[in-house]
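Here is a note for a colleague who is meeting this structure for the first time. Please keep the sequence and the model open while reading the points.

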Amino acid sequence: MPEVVENTIIIGSGPAGLTAAIYTARANLNPLVFEGLQPGGQLTITTEVENYPGFVDGIQGPELMDIMRKQAERFGSRHVYEFVDKIDVSERPFKVWVGGNLHLAHSLIIATGASARYLGLEDEEKFHGRGLSACATCDGFFFRDKEIMVVGGGDSAMEEGNFLTRFAKKVSLVHRRDAFRASKIMQDRLLANPKVEVLWNKTITKYIGDKDGQLTGVRLLDTVTGEEADVPTEGVFVAIGHTPNTGFLAGQLATDDSGYLLVTEHTRTSVDGVFAAGDVADTRYRQAVTAAGNGCQAAIDVEKWLEEHVHG
Ligand code: NAP
(Lines give C-alpha, C1' and ligand atoms only; values in the text may rest on other atoms or scores of the structure.)
Protein backbone atom coordinates (compact mmCIF):
# COMPACT_ATOMS: atom_id res chain seq x y z
CA MET A 1 0.00 0.00 0.00
CA PRO A 2 1.39 3.47 -0.85
CA GLU A 3 1.83 5.74 2.17
CA VAL A 4 0.87 8.93 0.41
CA VAL A 5 -2.79 9.78 0.07
CA GLU A 6 -3.21 12.47 -2.59
CA ASN A 7 -5.68 15.28 -1.95
CA THR A 8 -7.09 14.77 -5.39
CA ILE A 9 -6.34 12.74 -8.48
CA ILE A 10 -7.60 14.11 -11.78
CA ILE A 11 -8.19 11.57 -14.52
CA GLY A 12 -8.17 13.10 -18.00
CA SER A 13 -6.34 15.96 -19.65
CA GLY A 14 -8.75 17.80 -21.91
CA PRO A 15 -9.94 21.33 -21.06
CA ALA A 16 -11.98 19.97 -18.09
CA GLY A 17 -9.11 18.03 -16.49
CA LEU A 18 -6.49 20.70 -17.08
CA THR A 19 -8.69 23.54 -15.81
CA ALA A 20 -9.45 21.44 -12.73
CA ALA A 21 -5.67 21.05 -12.38
CA ILE A 22 -5.09 24.83 -12.59
CA TYR A 23 -7.71 25.54 -9.94
CA THR A 24 -6.79 22.73 -7.52
CA ALA A 25 -3.09 23.57 -7.90
CA ARG A 26 -3.74 27.24 -7.12
CA ALA A 27 -5.69 26.07 -4.06
CA ASN A 28 -2.47 24.32 -2.90
CA LEU A 29 -3.95 20.86 -3.28
CA ASN A 30 -0.94 19.60 -5.27
CA PRO A 31 -3.09 17.61 -7.74
CA LEU A 32 -1.88 14.51 -9.55
CA VAL A 33 -3.16 14.32 -13.14
CA PHE A 34 -3.23 11.14 -15.18
CA GLU A 35 -3.30 12.43 -18.72
CA GLY A 36 -4.03 9.15 -20.48
CA LEU A 37 -2.88 8.05 -23.88
CA GLN A 38 -4.21 11.08 -25.77
CA PRO A 39 -2.86 13.92 -23.60
CA GLY A 40 -4.89 17.04 -24.25
CA GLY A 41 -7.98 15.09 -25.28
CA GLN A 42 -10.16 15.70 -28.30
CA LEU A 43 -8.70 19.15 -29.01
CA THR A 44 -5.41 17.58 -29.96
CA ILE A 45 -7.06 15.96 -32.98
CA THR A 46 -8.65 19.18 -34.20
CA THR A 47 -6.62 21.78 -35.99
CA GLU A 48 -7.53 25.39 -35.48
CA VAL A 49 -9.79 26.38 -32.58
CA GLU A 50 -11.49 29.67 -33.35
CA ASN A 51 -14.21 29.77 -30.71
CA TYR A 52 -12.19 29.54 -27.50
CA PRO A 53 -12.40 33.01 -25.94
CA GLY A 54 -9.21 34.99 -25.66
CA PHE A 55 -7.53 34.04 -28.94
CA VAL A 56 -8.47 36.66 -31.49
CA ASP A 57 -6.71 34.86 -34.36
CA GLY A 58 -7.62 31.35 -33.20
CA ILE A 59 -5.18 28.82 -31.83
CA GLN A 60 -4.13 25.29 -32.75
CA GLY A 61 -5.84 22.70 -30.52
CA PRO A 62 -2.61 21.01 -29.34
CA GLU A 63 -1.05 24.40 -28.54
CA LEU A 64 -4.06 25.44 -26.45
CA MET A 65 -3.77 22.25 -24.41
CA ASP A 66 -0.02 22.74 -23.95
CA ILE A 67 -0.62 26.23 -22.61
CA MET A 68 -3.25 24.94 -20.17
CA ARG A 69 -0.89 22.22 -18.93
CA LYS A 70 1.99 24.67 -18.43
CA GLN A 71 -0.35 27.00 -16.58
CA ALA A 72 -1.32 24.16 -14.21
CA GLU A 73 2.30 23.06 -13.74
CA ARG A 74 3.29 26.59 -12.80
CA PHE A 75 1.19 26.14 -9.66
CA GLY A 76 2.52 22.69 -8.79
CA SER A 77 0.22 20.32 -10.64
CA ARG A 78 1.94 16.97 -11.42
CA HIS A 79 1.23 15.27 -14.77
CA VAL A 80 1.73 11.63 -15.64
CA TYR A 81 1.26 10.46 -19.24
CA GLU A 82 -0.32 7.17 -18.40
CA PHE A 83 -3.67 5.54 -18.66
CA VAL A 84 -5.73 4.66 -15.58
CA ASP A 85 -6.52 0.94 -15.77
CA LYS A 86 -9.13 0.81 -13.03
CA ILE A 87 -10.31 2.49 -9.87
CA ASP A 88 -11.99 1.33 -6.67
CA VAL A 89 -14.33 3.85 -5.06
CA SER A 90 -16.06 1.43 -2.70
CA GLU A 91 -14.18 2.92 0.30
CA ARG A 92 -11.93 5.90 1.09
CA PRO A 93 -9.19 6.61 0.35
CA PHE A 94 -10.05 5.82 -3.25
CA LYS A 95 -7.74 3.51 -5.19
CA VAL A 96 -6.41 4.26 -8.67
CA TRP A 97 -4.33 1.70 -10.57
CA VAL A 98 -1.97 2.94 -13.26
CA GLY A 99 0.31 0.54 -15.13
CA GLY A 100 0.54 -1.85 -12.16
CA ASN A 101 1.07 0.93 -9.57
CA LEU A 102 -1.53 1.76 -6.95
CA HIS A 103 -2.27 5.39 -6.00
CA LEU A 104 -4.53 6.58 -3.18
CA ALA A 105 -6.60 9.76 -3.09
CA HIS A 106 -9.11 11.44 -0.79
CA SER A 107 -11.03 12.72 -3.82
CA LEU A 108 -11.22 12.15 -7.55
CA ILE A 109 -12.13 14.27 -10.55
CA ILE A 110 -13.18 12.20 -13.55
CA ALA A 111 -12.62 14.22 -16.73
CA THR A 112 -12.02 11.48 -19.28
CA GLY A 113 -14.25 13.01 -21.94
CA ALA A 114 -16.10 11.35 -24.76
CA SER A 115 -14.95 10.21 -28.13
CA ALA A 116 -16.86 11.04 -31.29
CA ARG A 117 -17.75 7.88 -33.11
CA TYR A 118 -16.41 7.54 -36.62
CA LEU A 119 -17.26 5.04 -39.33
CA GLY A 120 -14.24 2.84 -38.76
CA LEU A 121 -13.10 2.99 -42.38
CA GLU A 122 -9.59 2.50 -43.68
CA ASP A 123 -7.47 5.70 -43.66
CA GLU A 124 -10.13 7.53 -41.63
CA GLU A 125 -7.58 9.12 -39.28
CA LYS A 126 -5.57 10.51 -42.18
CA PHE A 127 -8.54 12.65 -43.24
CA HIS A 128 -9.12 14.27 -39.82
CA GLY A 129 -8.80 18.00 -40.37
CA ARG A 130 -8.47 17.40 -44.14
CA GLY A 131 -12.13 17.39 -45.01
CA LEU A 132 -13.35 14.99 -42.32
CA SER A 133 -14.78 16.19 -39.01
CA ALA A 134 -17.15 15.12 -36.26
CA CYS A 135 -17.85 18.61 -34.94
CA ALA A 136 -19.88 21.10 -36.97
CA THR A 137 -19.57 23.83 -34.33
CA CYS A 138 -15.78 23.51 -34.44
CA ASP A 139 -15.17 23.13 -38.15
CA GLY A 140 -18.27 24.30 -40.05
CA PHE A 141 -16.76 27.69 -40.68
CA PHE A 142 -14.04 26.13 -42.85
CA PHE A 143 -16.66 24.87 -45.34
CA ARG A 144 -18.04 28.16 -46.57
CA ASP A 145 -19.63 27.75 -50.05
CA LYS A 146 -18.63 24.09 -50.22
CA GLU A 147 -20.68 21.00 -51.00
CA ILE A 148 -20.49 18.65 -48.06
CA MET A 149 -22.04 15.55 -46.51
CA VAL A 150 -23.33 14.77 -43.03
CA VAL A 151 -23.66 11.15 -41.91
CA GLY A 152 -26.30 9.96 -39.43
CA GLY A 153 -30.01 9.94 -38.76
CA GLY A 154 -30.28 11.07 -35.13
CA ASP A 155 -30.80 14.49 -33.56
CA SER A 156 -27.09 15.30 -33.89
CA ALA A 157 -27.12 14.72 -37.65
CA MET A 158 -30.28 16.88 -38.02
CA GLU A 159 -28.79 19.66 -35.91
CA GLU A 160 -25.38 19.56 -37.59
CA GLY A 161 -26.95 19.30 -41.05
CA ASN A 162 -29.05 22.38 -40.47
CA PHE A 163 -26.25 24.30 -38.81
CA LEU A 164 -23.84 23.57 -41.64
CA THR A 165 -26.18 25.13 -44.23
CA ARG A 166 -25.16 28.48 -42.72
CA PHE A 167 -21.80 27.95 -44.37
CA ALA A 168 -22.07 25.26 -47.00
CA LYS A 169 -23.61 25.71 -50.44
CA LYS A 170 -25.23 22.29 -50.18
CA VAL A 171 -25.48 19.60 -47.49
CA SER A 172 -26.18 15.99 -48.50
CA LEU A 173 -27.38 14.02 -45.52
CA VAL A 174 -26.30 10.39 -45.81
CA HIS A 175 -28.40 7.93 -43.81
CA ARG A 176 -28.19 4.15 -43.84
CA ARG A 177 -31.95 3.54 -43.60
CA ASP A 178 -35.14 5.01 -45.06
CA ALA A 179 -36.25 6.65 -41.81
CA PHE A 180 -34.59 8.94 -39.27
CA ARG A 181 -34.45 8.17 -35.57
CA ALA A 182 -34.31 11.90 -34.78
CA SER A 183 -37.21 13.68 -33.05
CA LYS A 184 -40.00 14.82 -35.36
CA ILE A 185 -39.37 18.52 -34.90
CA MET A 186 -35.68 18.17 -35.77
CA GLN A 187 -36.50 16.06 -38.83
CA ASP A 188 -39.08 18.59 -40.04
CA ARG A 189 -36.61 21.43 -39.69
CA LEU A 190 -34.00 19.60 -41.71
CA LEU A 191 -36.37 18.38 -44.41
CA ALA A 192 -37.71 21.91 -44.89
CA ASN A 193 -34.23 23.29 -45.46
CA PRO A 194 -33.79 24.00 -49.20
CA LYS A 195 -30.02 23.56 -49.01
CA VAL A 196 -30.34 19.96 -47.74
CA GLU A 197 -30.71 16.83 -49.84
CA VAL A 198 -31.23 13.48 -48.09
CA LEU A 199 -29.47 10.44 -49.50
CA TRP A 200 -31.57 7.61 -48.04
CA ASN A 201 -30.32 4.04 -47.70
CA LYS A 202 -26.69 4.97 -48.24
CA THR A 203 -23.48 4.33 -46.34
CA ILE A 204 -19.97 5.56 -46.99
CA THR A 205 -17.64 2.63 -47.62
CA LYS A 206 -14.49 4.53 -48.60
CA TYR A 207 -12.95 8.00 -48.39
CA ILE A 208 -11.32 9.30 -51.55
CA GLY A 209 -8.48 11.84 -51.36
CA ASP A 210 -6.22 13.78 -53.69
CA LYS A 211 -2.42 13.56 -53.77
CA ASP A 212 -2.14 16.03 -50.85
CA GLY A 213 -4.39 13.88 -48.69
CA GLN A 214 -7.36 16.25 -48.90
CA LEU A 215 -10.77 14.59 -49.04
CA THR A 216 -12.36 14.94 -52.47
CA GLY A 217 -15.08 12.30 -52.47
CA VAL A 218 -16.55 9.15 -51.02
CA ARG A 219 -17.73 5.79 -52.22
CA LEU A 220 -21.42 5.39 -51.45
CA LEU A 221 -23.10 2.01 -51.06
CA ASP A 222 -26.83 1.77 -51.63
CA THR A 223 -27.96 -0.48 -48.77
CA VAL A 224 -31.03 -1.62 -50.71
CA THR A 225 -29.67 -2.31 -54.21
CA GLY A 226 -26.06 -3.06 -53.19
CA GLU A 227 -24.78 -0.69 -55.90
CA GLU A 228 -21.69 1.44 -55.25
CA ALA A 229 -20.77 4.79 -56.75
CA ASP A 230 -17.96 7.31 -56.23
CA VAL A 231 -19.39 10.74 -55.46
CA PRO A 232 -17.42 13.99 -55.14
CA THR A 233 -17.67 15.97 -51.89
CA GLU A 234 -15.55 18.64 -50.23
CA GLY A 235 -16.23 17.59 -46.67
CA VAL A 236 -17.80 14.89 -44.52
CA PHE A 237 -19.19 15.45 -41.02
CA VAL A 238 -19.80 12.23 -39.13
CA ALA A 239 -22.65 12.64 -36.63
CA ILE A 240 -23.37 9.10 -35.47
CA GLY A 241 -23.04 9.73 -31.74
CA HIS A 242 -20.35 9.90 -29.05
CA THR A 243 -19.06 7.31 -26.64
CA PRO A 244 -18.23 8.55 -23.12
CA ASN A 245 -14.93 7.23 -21.81
CA THR A 246 -16.32 5.53 -18.73
CA GLY A 247 -15.46 1.88 -19.41
CA PHE A 248 -12.62 1.87 -16.85
CA LEU A 249 -15.10 2.75 -14.08
CA ALA A 250 -16.65 -0.71 -14.40
CA GLY A 251 -20.11 0.48 -13.40
CA GLN A 252 -19.09 1.90 -9.99
CA LEU A 253 -20.62 5.33 -10.70
CA ALA A 254 -24.18 5.95 -11.85
CA THR A 255 -24.52 6.67 -15.57
CA ASP A 256 -27.35 7.21 -18.02
CA ASP A 257 -28.23 4.51 -20.55
CA SER A 258 -25.46 5.67 -22.90
CA GLY A 259 -22.75 5.55 -20.22
CA TYR A 260 -22.49 9.30 -19.43
CA LEU A 261 -21.86 10.01 -15.74
CA LEU A 262 -24.84 11.35 -13.85
CA VAL A 263 -24.08 14.40 -11.72
CA THR A 264 -26.04 16.29 -9.11
CA GLU A 265 -25.26 19.62 -7.44
CA HIS A 266 -23.11 20.54 -10.44
CA THR A 267 -20.24 18.03 -10.41
CA ARG A 268 -20.98 15.42 -7.71
CA THR A 269 -21.26 11.85 -8.96
CA SER A 270 -23.16 9.07 -7.20
CA VAL A 271 -20.15 8.43 -4.90
CA ASP A 272 -19.35 11.05 -2.27
CA GLY A 273 -15.89 12.49 -2.96
CA VAL A 274 -15.87 11.60 -6.65
CA PHE A 275 -16.56 14.49 -9.02
CA ALA A 276 -17.01 14.63 -12.79
CA ALA A 277 -16.34 17.39 -15.31
CA GLY A 278 -16.53 17.91 -19.04
CA ASP A 279 -17.86 15.73 -21.83
CA VAL A 280 -17.86 12.56 -19.71
CA ALA A 281 -20.96 13.99 -18.02
CA ASP A 282 -22.23 16.28 -20.77
CA THR A 283 -24.48 15.14 -23.59
CA ARG A 284 -25.50 18.64 -24.55
CA TYR A 285 -22.77 21.26 -24.98
CA ARG A 286 -19.51 19.37 -25.58
CA GLN A 287 -17.46 22.51 -26.11
CA ALA A 288 -13.91 23.20 -24.94
CA VAL A 289 -15.04 26.31 -23.12
CA THR A 290 -17.93 24.61 -21.33
CA ALA A 291 -15.66 21.70 -20.36
CA ALA A 292 -13.12 24.17 -18.98
CA GLY A 293 -15.83 25.97 -16.98
CA ASN A 294 -17.05 22.64 -15.66
CA GLY A 295 -13.48 21.68 -14.66
CA CYS A 296 -13.31 24.87 -12.63
CA GLN A 297 -16.59 23.96 -10.92
CA ALA A 298 -15.31 20.46 -10.08
CA ALA A 299 -12.12 21.91 -8.59
CA ILE A 300 -14.07 24.32 -6.38
CA ASP A 301 -16.41 21.49 -5.34
CA VAL A 302 -13.40 19.29 -4.44
CA GLU A 303 -11.79 22.10 -2.46
CA LYS A 304 -14.96 22.58 -0.39
CA TRP A 305 -15.49 18.84 -0.01
CA LEU A 306 -11.93 18.30 1.26
CA GLU A 307 -12.39 21.14 3.75
CA GLU A 308 -15.53 19.48 5.09
CA HIS A 309 -14.39 15.85 5.04
CA VAL A 310 -10.60 15.71 5.28
CA HIS A 311 -8.87 18.94 6.23
CA GLY A 312 -11.67 20.50 8.30
P1 NAP B 1 -28.10 8.72 -31.94
O2 NAP B 1 -29.44 9.20 -31.54
O3 NAP B 1 -27.58 7.46 -31.34
O4 NAP B 1 -28.14 8.56 -33.53
C5 NAP B 1 -27.04 8.02 -34.21
C6 NAP B 1 -27.42 7.95 -35.69
O7 NAP B 1 -26.27 7.52 -36.40
C8 NAP B 1 -28.54 6.94 -35.99
O9 NAP B 1 -29.41 7.49 -36.94
C10 NAP B 1 -27.79 5.73 -36.53
O11 NAP B 1 -28.50 5.05 -37.54
C12 NAP B 1 -26.59 6.37 -37.18
N13 NAP B 1 -25.43 5.47 -37.12
C14 NAP B 1 -24.89 4.86 -36.03
N15 NAP B 1 -23.83 4.13 -36.37
C16 NAP B 1 -23.69 4.28 -37.72
C17 NAP B 1 -22.76 3.78 -38.67
N18 NAP B 1 -21.77 2.99 -38.30
N19 NAP B 1 -22.93 4.14 -39.96
C20 NAP B 1 -23.94 4.94 -40.34
N21 NAP B 1 -24.85 5.47 -39.50
C22 NAP B 1 -24.71 5.14 -38.19
O23 NAP B 1 -26.95 9.81 -31.68
P24 NAP B 1 -27.05 11.42 -31.68
O25 NAP B 1 -27.79 11.90 -32.85
O26 NAP B 1 -25.65 11.88 -31.47
O27 NAP B 1 -27.89 11.75 -30.38
C28 NAP B 1 -27.43 11.29 -29.08
C29 NAP B 1 -28.39 11.80 -28.01
O30 NAP B 1 -28.27 13.21 -27.88
C31 NAP B 1 -29.85 11.51 -28.35
O32 NAP B 1 -30.52 11.22 -27.17
C33 NAP B 1 -30.34 12.81 -28.92
O34 NAP B 1 -31.74 13.00 -28.75
C35 NAP B 1 -29.53 13.83 -28.11
N36 NAP B 1 -29.38 15.07 -28.88
C37 NAP B 1 -30.31 16.05 -28.73
C38 NAP B 1 -30.21 17.22 -29.44
C39 NAP B 1 -31.23 18.29 -29.25
O40 NAP B 1 -32.27 18.01 -28.68
N41 NAP B 1 -30.98 19.50 -29.67
C42 NAP B 1 -29.17 17.40 -30.35
C43 NAP B 1 -28.23 16.39 -30.51
C44 NAP B 1 -28.36 15.22 -29.78
P45 NAP B 1 -29.80 4.17 -37.21
O46 NAP B 1 -30.89 5.16 -36.97
O47 NAP B 1 -29.97 3.34 -38.42
O48 NAP B 1 -29.44 3.36 -35.99
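The points below go through strands, salt bridges, surface charge and backbone geometry in turn.

1. Please bear in mind throughout that this is a predicted model, and that residues are numbered from 1 along each chain as its sequence is written.

2. I would begin with the open sheet of five strands, whose order is S10-S17-S11-S12-S13 and whose pairing is parallel. Its edge strands are S10 (132–133) and S13 (196–199), each of which pairs on one side only. At the S10 edge, the pairing with strand S17 (residues 235–238) is in the parallel sense and rests on two bridges, and Ser133 has Phe237 in S17 as its bridge partner.

3. A separate pairing deserves a look: strand S6 (residues 84–88) and strand S7 (residues 94–98) run antiparallel and are joined by four bridges. The connection between S6 and S7 is a hairpin of five residues, and Asp88 stands opposite Lys95 in S7.

4. The loop of this hairpin also holds a point of backbone geometry, since Pro93 is found between S6 and S7, and the peptide bond leading from Arg92 to Pro93 is cis, with omega near -5 degrees. As background, most peptide bonds are trans.

5. Turning to charged pairs, the whole structure contains 12 salt bridges. One of them lies within helix H2 (residues 61–74), where Asp66 and Arg69 are three residues apart, about one turn of the helix, and their side chains meet at 2.9 Å, N to O. The two partners differ in their exposure: Asp66 has a relative accessible area of 36% and is partly exposed, whereas Arg69, at 8%, counts as buried because it falls under 20%.

6. A second salt bridge brings together the side chains of Lys126 and Asp123, at 3.6 Å from N to O. Here Lys126 counts as exposed at 56% relative accessibility, while Asp123 is partly exposed at 36%.

7. Which parts of the chain does the salt bridge between Lys170 and Glu197 tie together? Lys170 lies in strand S12 and Glu197 in strand S13, so the pair links parts that are 27 residues apart in sequence. The side chains meet at 3.0 Å, N to O, with Lys170 partly exposed at a relative accessible area of 30% and Glu197 partly exposed at 34%.

8. Beyond single pairs, Arg92, Glu265, Arg268 and Asp272 are joined into one network by salt bridges that share partners. Arg92 is thus a member of this network as well as the residue that precedes the cis bond to Pro93.

9. Glu265, another member of the network, has a phi near 40 degrees, a positive value in a residue other than glycine. Its place is in the loop between strand S18 (242–244) and strand S19 (274–276), and at 57% relative accessibility Glu265 counts as exposed.

10. Asn30 also has a positive phi, near 50 degrees, and is likewise a residue other than glycine. Asn30 sits in the loop between helix H1 (15–26) and strand S2 (32–34), where its relative accessibility of 38% makes it partly exposed.

11. Finally, please look at the surface where Arg117, Arg176, Arg177 and Arg181 gather in a patch of positive charge. Among them, Arg177 lies in the loop between strand S12 (170–174) and helix H5 (184–191), and at 36% relative accessibility Arg177 counts as partly exposed.

Key. Predicted model: local features only at pLDDT ≥ 70, side-chain atom pairs only at ≥ 80, totals over all residues. Heavy atoms only, no water. Patch = residues over 30% accessible without salt bridge, like charges linked within 9 Å, V, L, I, M, F, W, Y side chains within 5 Å. Areas by Shrake-Rupley, 256 points an atom, 1.4 Å probe, with all protein chains shown as cover. Salt bridge = Lys/Arg side-chain N within 4 Å of Asp/Glu carboxyl O. Lys, Arg positive; Asp, Glu negative; His and termini not counted. Charge placed at Lys NZ, Arg CZ, Asp CG, Glu CD. Buried < 20%, exposed > 50% of the residue type's maximum accessible area, 1.4 Å probe, protein only. Pairing = 2+ DSSP bridges.
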